[in-house]
Amino acid sequence: MPAIVPCTWSGVFPAATTQFGPTLEVDIDATQAVQTALVREGVHGLVLLGTVGENNSLSAEEKRAVLKAAVQAVGGQVPLIAGVSEFTTAGAVAYARDAQALGVDGLMVLPAMVYVPTRAELEQHFRAVAQATSLPIMLYNNPPAYRVNIELETLKSLAEVPNIVALKESAPDPRRFTDVINALGDRYVLFAGLDDLAFEGLTLGARGWVSGLTNAFPRRIACPF
């Protein structure tokens, strides 16, 4: 099995917001200003175009423009992780390749949108995206929002994929952190994904927190880390 890609991500990674103008066009300057302010306030990385970043509300061109602008504004200062939230696996593969070419540091990959996949379909989606890039990948498990759970057996199977290195866990039961660690040890770097369960997740072994709340209180939340 190929060596697992090292993952040094830890701390608070806000799911950064995307800013819009009065006619709902993406305001690149304002978006860059938010990204710069978050980094200045001490966050440890940024998740770009996650759910809070309006990923599925943007066109393909808008998404790529936001990523390019983020790399220009704060690239090299903190890890930049691009959300991959597409309607098809082919679209996710193309976006992952473009994100790497634009200079981001990693990807946060969601299931394909709309249709609920079987376990085999979900695993194939993640494998296809991982094979399309050399970037480290964080999987995003959010059963209430996406109606599919990344089961432990799926995580065990994907453990052989060297660049799938982290898991953002947003299951509503914090025992999930313990279950993943008991089943897989330290194979995946765990991030808490629900703001109201962040304490529990970090207490149970998560190394970081992908947070929407940090957009409002970046210094207060990042400081303890």
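**Exercise 1. The core.** Which residues have the most contacts inside the largest nonpolar core, and how many residues does that core have?

*Solution.* Keep in mind that this is a predicted model. Begin with the general expectation: in soluble globular proteins, nonpolar side chains tend to be buried together. Next, look at the core itself: the largest one has 71 residues. Those with the most contacts inside it are Trp9, Leu46, Leu107, Leu139 and Ile164. Finally, pick one of them and list its partners. Leaving aside neighbours within four places in sequence, Ile164 touches Phe126, Ala130, Ile137, Leu139, Leu158, Arg187 and Tyr188. Leu139, one of these partners, is also named among the core residues with the most contacts.

**Exercise 2. The whole chain.** Work out how compact the chain is, and describe its general make-up.

*Solution.* First, take the secondary structure: the chain holds 9 helices and 8 strands. The radius of gyration is 16 Å, close to the 17 Å that the globule rule gives for 225 residues, so the chain is as compact as a globular protein of that length. Its C-alpha trace spans about 45 × 40 × 30 Å along the principal axes. Then turn to contacts with a separation of 6 or more: 72% of them join residues 24 or more positions apart. As for burial, 50% of the 225 residues are buried. The exposed surface comes to about 9,900 Å², with carbon and sulfur atoms supplying 55% of it. Last, consider charge: there are 16 positive and 22 negative charges, and their mean positions lie 4 Å apart.

**Exercise 3. A residue in a loop.** Is Thr214 buried or exposed?

*Solution.* Locate Thr214 first: this residue sits in the loop between strand E8 (208-211) and helix H9 (218-222). Now apply the cut-off, since buried means under 20% relative accessible area. Thr214 has 0% relative accessibility, so it counts as buried. Its contacts, leaving aside neighbours within four places in sequence, are Val12, Pro14, Leu38, Val43 and Ile221.

**Exercise 4. Positive phi angles.** Examine Leu24 and Glu54, giving the backbone angle, location and exposure of each.

*Solution.* Start with Leu24. Though not a glycine, Leu24 has a positive phi of about 70 degrees. Leu24 lies in the loop between strand E1 (11-14) and helix H1 (28-40). With the cut-off for exposed at over 50%, Leu24 counts as exposed because its relative accessibility is 65%.

Move on to Glu54. Here phi is near 65 degrees, again positive in a residue other than glycine. Glu54 belongs to the loop between strand E2 (46-48) and helix H2 (60-74). At 33% relative accessibility, Glu54 counts as partly exposed.

Key: Residues numbered from 1 in each chain as written. Predicted model: local features only at pLDDT ≥ 70, side-chain atom pairs only at ≥ 80, totals over all residues. Heavy atoms only, no water. Helix = DSSP H or I, 4+ residues; strand = E, 2+ residues; numbered from the N terminus. Rg over C-alpha atoms; globule rule 2.2 N^0.38 Å. Buried < 20%, exposed > 50% of the residue type's maximum accessible area, 1.4 Å probe, protein only. Contact = heavy atoms within 4.5 Å. Areas by Shrake-Rupley, 256 points an atom, 1.4 Å probe, with all protein chains shown as cover. Lys, Arg positive; Asp, Glu negative; His and termini not counted. Charge placed at Lys NZ, Arg CZ, Asp CG, Glu CD. Core = buried A, V, L, I, M, F, W, Y, C linked by side-chain atoms within 4.5 Å.
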